[in-house]
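Work through the exercises below with the model open. Try each task before reading its solution.

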Amino acid sequence: MTESGYFSFRPSKTLQFLIAGLLLLSITACSAKPSEESGSAAVTASSVQTEKEPITIEYWQYEFPAKVELINTLIQEFETEHPNIKVKQTNFPYDQYNQKVATLVPAGKGPDVINLYYGWLPKYVQSGYLQPLPESSFPGIAEAFFPFVDTAKLNGSYYALPTGVRTLGLFYNKDLFTKAGLDPEKPPTTWEELVSDAKALTETDKNGQLVTEGFAWEPGSQLHHWFRDGLLYQAGGKDTSEDRRKILWNDTPAGLEAFKYLVDFATVHKVGINGFYTDDANAFKTGHAAINVDGSYRLGSIKKDAPDLNFAVAPLPGYKGKSTQASFWANAIPANVTGEKLEAATAFLQFLISKGVQEQWVEKVGELPAQKEVALQDKYVNDPLLGPFISQLNDANAHFFIDETQERTLFVNAVDEVLLNHVPEEQAFNDLVAKTQKLYDDYWAKQDKKK
């Protein structure tokens, strides 16, 4: 040992070479370390690799300009609140929408959140396109929303929720009322007054051709809704049985009376005709239709397309009772959305039904807030254009569609049978009931097989 108490150790030449090699590697590694300038880049690159990439989800809706523009604005707002989520909006023409969904969703190429007409939901659910909304993320739906939103509840679960809802009201041109000698502050309030006012407002040329429709008559637009959820109930009838399996239109005389009242505007009173100035909405906006039964969503397009139109809105005329139609476009999540995308889709859907978004929807689109607490604020109830729609919400009904497209087609065909082929109204009506009932029977038969 040495004086210090340590063993004296002299390595062999081989070991000396090994030590020298290790020392050289150490020096090389040290010299390879980045400088301070390159060091920050190295740290940044490392952090980028470990940072979580934003989740991108896709949102689909049909091409309705006011809605498309607003959703673009809302996406920016949402992404600011949720920097870890990006939303891409894709739009399709209305008449291609169902086809795109049927083709792309089953192939896994569809959206993560999809905007659908409520009348399509039974068909979409039956086809396996959608998943139930997570109950924990959407509590208290029945208490918060208006009752007709229950049409989005299938097999005990909600599959979609709306931002805005629609009711039908009576749009009327105040200038044309004045021109016809009618009081522009007194719109028709009964079935009888609607017919008499429409006759007074109708203008024809020397050949008997319509110049101004007293009543815009477009069965394929909103009138088929008016029949089911408005006229039918007002006449004392009912739409379907409680279990939604049976059509009750012909259980009482009310159904035929309502159908006849609607068809007579064209066949007997001759105050309107299908396709006049393209359609009812365009005829009204251009001043060629004095009265139109239309949805609250039309307010947005009138404001944009016909800002100088002097018009007003009133509740639908009543008969034995009051009733209007309620409908909505609702947001749903396709069945194949899972994991982080499902979490992001749920967050976006929660955002779309928030109070602030509902209020923007009223302003930019014209649809009514879907939740009672938002809709019943004084600023909406007392609004001269929104108020008439809001006042009807408690009397609103939403028909349970098996297949909205098919049911609308059946109704339009029945009306055409009377108008074009001179089939008696009662026969056309009974055929309509039978064909609609078959749709229901086929749907429920398939549902029952799944149990």
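**Exercise 1. Place a residue.** In which helix does Arg228 lie? Is Arg228 buried or exposed?

Solution. The model is a predicted one. Locate Arg228 first: it lies in helix α9, residues 219-234. Next, take its relative accessibility, which is 1%. The cut-off for buried is under 20%. Arg228 therefore counts as buried.

**Exercise 2. List its neighbours.** Which residues does Arg228 touch, not counting residues up to four places away in sequence?

Solution. Leave out residues up to four places away in sequence. Arg228 then touches Tyr233, Asp239, Trp249, His399, Phe401, Glu407, Arg408 and Phe411. Now take one of these, Asp239. Asp239 and Arg228 are eleven residues apart along the chain, and their C-alpha atoms are separated by 6.4 Å.

**Exercise 3. Classify a helix pair.** At what angle do α9 and α18 pack? Which residues make the contact?

Solution. The angle is about 95°, and the axes are 10 Å apart. Angles of 65 to 115 degrees count as roughly perpendicular. α9 and α18 are therefore roughly perpendicular to each other. From α9, the contact uses Pro219, Gly220, His224, His225, Phe227 and Arg228. From α18, it uses Glu404, Glu407, Arg408, Phe411, Val412 and Val415. Sort the residues of this contact by class: five are nonpolar, three polar and four charged.

**Exercise 4. Repeat for a second pair.** How do α18 and α19 pack, in angle and axis distance? What is the handedness of their crossing?

Solution. Helix α18 spans residues 404-421 and helix α19 spans residues 425-450. They pack at about 165°, with axes 9 Å apart. That makes α18 roughly antiparallel to α19, since the cut-off is over 145 degrees. The crossing is right-handed. On the α18 side, the contact residues are Gln406, Glu407, Leu410, Phe411, Ala414, Glu417 and Val418. They meet Glu425, Ala428, Leu432, Lys435, Thr436, Leu439 and Tyr440 in α19. By class, the contact of α18 with α19 has eight nonpolar, two polar and four charged residues.

**Exercise 5. Step back to the chain.** How many helices and strands does the chain have? What percentage of its residues count as buried?

Solution. Count the elements: 19 helices and 13 strands. Then turn to burial: of 451 residues, 50% count as buried. The accessible surface comes to about 22000 Å², and 53% of it belongs to carbon and sulfur atoms. Finally, take the contacts between residues at least 6 apart in sequence: 75% of these join residues at least 24 apart.

Conventions: Residues numbered from 1 in each chain as written. Predicted model: local features only at pLDDT ≥ 70, side-chain atom pairs only at ≥ 80, totals over all residues. Heavy atoms only, no water. Axes fitted to C-alpha atoms, helices over the stretch in contact; angles between N-to-C directions. Helix = DSSP H or I, 4+ residues; strand = E, 2+ residues; numbered from the N terminus. Parallel < 35°, antiparallel > 145°, perpendicular 65-115°, else oblique. Left-handed = near helix turned anticlockwise from the far one by under 90°. Contact = heavy atoms within 4.5 Å. Nonpolar A, V, L, I, M, F, W, Y, C, P; charged D, E, K, R; others polar. Buried < 20%, exposed > 50% of the residue type's maximum accessible area, 1.4 Å probe, protein only. Areas by Shrake-Rupley, 256 points an atom, 1.4 Å probe, with all protein chains shown as cover.
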